[in-house]
Amino acid sequence: MERKMEETTVRDVETGSETGGEDALVGNVNKLLVSPPGYSGVPRKGHLVFDACFESGNLGRVDYISEFEFDLFIRPDTCNPRFRVWFNFTVENVRETQRVIFNVVNFSKTKSLYRDGMSPVVKSTSRPKWQRLPAKNVYYYRCPDHRRNYVMSFAFCFDREDDVYQFAYCYPYTYSRLQHYLASLERRNLPYLQREQLGLSVQQRHLDLLTITNSDHQSPEREKKLVFLTARVHPGESPASFICQGVIDFLVSQHPVAQILRDHVIFKIVPMLNPDGVYLGNYRCSLMGFDLNRHWQDPSPWAHPTLHAVKQLIVQMNQDPRVSLEFYIDVHAHSTMLNGFMYGNVFEDEERVQRQAVFPRLLCQNAPDFSFSNTSFNRDVVKAGTGRRFLGGLLDDTSYCYTLEVSFYSYMTAGSTAPVPYTEETYMKLGRNVARTFLDYYKLNNLIKDNRPTHIQSSDVKSHRDNDNGKDNGPGRDTADREREKRHGVRH
């Protein structure tokens with residue numbers, strides 16, 4: 001197909017100005033009307049209008065190829081052209097039954113779960129629940145027209161003229177959504193939940209800290225066990241927020257396991273470490289173009305204020321003799337692997353190595369989508385500035401530091417022959433299973449003695465349903481799990 005890019009007419013609906021060229025990738029498209037080449041009349045139905053000027057939006061440029069085909073360019077992270085993965089945009093002024101092909105042409109990564117069947121998510125004004133596009137409509141390939149870069153093309157048929165359609169890399173979880181969620185928690189006036197502002201981002205967004213514990217039950221002379229959890233240091237990794245919300249929902253619930261945990265453990269949770277990056281629609285970086293997860297060793301109070309505030313708090317708690325910081329878990333999403341899994345640190349002491357493997361093994365039994373065979377322990381030089389590596393060196397040998405990863409796409413379970421795509425609900429369910437695994441860990445170590453039931457019953461609050469699917473997924477599951485993952489191309 002001949003591509004005459006120079007003739008394309010691309011106009012801003014509000015200003016009528018013509019745009020285009022590589023320099024158009026500095027900002028997001030803003031109600032951008034894309035008409036056929038040479039067309040100058042009144043816009044017709046089917047002359048698509050693209051927009052990404054909204055929270056967590058990302059689309060830098062649109063090129064008209066034909067009436068049925070458009071090239072889409074991801075806007076790079078602010079102040080950092082290296083990262084181009086996350087997209088999130090709307091399309092309107094569609095014609096009923098209009099069929100299109102969208103080509104996302106400038107991904108910065110070559111390896112992708114699009115090779116394994118992942119597809120973008122879509123919703124529209126009359127169907128507000130996100131759903132994945134059918135995998136058969138998505139193609140991921142090297143394209144000779146784009147310097148042999150990898151291109152992800154997807155076919156779509158618009159079916160309702162008055163709808164605004166929204167497409168995204170994965171289910172978005174915005175800064176505003178988090179603020180609404182935390183406000184709704186506060187309104188419940190739970191005696192064991194405290195929300196405080198730990199600091200502000202460069203653009204003055206809130207860095208929230210939640211503390212969940214039953215302080216009436218904590219005796220002053222007994223050492224306090226503390227679990228610290230953070231998420232969204234990488235802003236495009238939205239599944240991390242669903243996991244984090246699942247953890248919080250479970251810990252504040254009336255479930256007997258949650259009640260026991262609140263009596264014995266203090267949970268500190270920072271749900272969004274990089275609120276500016278999330279708001280701006282970045283994939284990896286902060287407003288100023290920093291990958292914050294490489295700056296734990298020496299964060300700057302002005303360039304990395306959220307990281308600086310969290311590190312200060314952790315260092316301060318670590319120096320408090322009344323507090324035992326037992327776990328630090330940083331939650332991420334992974335763009336090339338399936339399932340949930342963990343990264344841990346490497347130690348010379350074999351006994352410490354075995355102790356560190358206990359929590360992921362227990363999680364494997366509670367969560368059918370968690371893979372111990374994908375879990376690995378490393379001391380990669382590139383990862384030296386990460387929270388897991390830095391805090392692993394700072395804290396003593398009774399503390400465990402992990403990165404919890406979850407696939408952007410899907411999971412394999414024992415007995416499944418095909419990957420099961422994640423939904424918002426199943427991401428949250430993994431969070432709930434992470435939370436309840438702390439009780440198994442502390443019971444195993446005789447730190448909590450209680451024979452109240454630990455299984456989640458179907459009569460429990462709605463957000464805790466179906467949580468016991470993992471009962472047959474003990475250590476014996478792992479070999480079969482590994483074989484299935486091999487067959488389906490899960491890379492270790």
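This tour moves from the whole chain to its nonpolar cores and then to a single residue, Leu198.

Begin with the entire protein chain selected, bearing in mind that the model is predicted. Coloured by secondary structure, the protein chain shows 10 helices and 22 strands. If you switch to a surface representation, the accessible surface comes to about 20,500 Å², and 50% of that area belongs to carbon and sulfur atoms. Of the 492 residues in the protein chain, 58% are buried. Among contacts in the protein chain with a separation of 6 or more, 73% join residues that lie 24 or more positions apart.

Next, select Phe50, Phe70, Phe102, Phe158, Phe167 and Phe359, which, within the largest nonpolar core of 108 residues, touch the most other members. Adding helix α9, residues 424-444, brings in the element that gives the most to this core, with 9 residues. Then pick Phe228, Ile266, Val323 and Leu395, which are among the 23 residues of another core, lying apart from the largest one.

For the last stop, display strand β13, residues 193-200, and centre the view on Leu198, which has its place in this strand. Is Leu198 buried or exposed? Leu198 counts as partly exposed, because its relative accessibility is 21%, whereas buried would require a value under 20%. Showing the surroundings of Leu198, and setting aside residues up to four places away in sequence, you will find that Leu198 touches Leu207, Leu209, Val270, Ala309, Val310 and Leu313. Of these partners, Val270 offers a convenient distance to check in the viewer: Leu198 and Val270 are 72 residues apart along the chain, and their C-alpha atoms are separated by 8.9 Å.

Technical notes: Residues are numbered from 1 along each chain as its sequence is written. This is a predicted model: local features need pLDDT of at least 70, side-chain atom pairs count only at pLDDT 80 or more; totals for chains, interfaces and linings use all residues. Side-chain values use heavy atoms; hydrogens and water are left out. Helices (H or I, at least four residues) and strands (E, at least two) are DSSP runs, numbered from the N terminus. Buried means under 20% relative accessible area, exposed over 50%, partly exposed in between (1.4 Å probe, protein chains only). Contact means heavy atoms within 4.5 Å. Accessible areas come from the Shrake-Rupley method with a 1.4 Å probe; for residues, only the protein chains shown count as cover. A nonpolar core is a set of buried Ala, Val, Leu, Ile, Met, Phe, Trp, Tyr and Cys residues joined through side-chain atoms within 4.5 Å.
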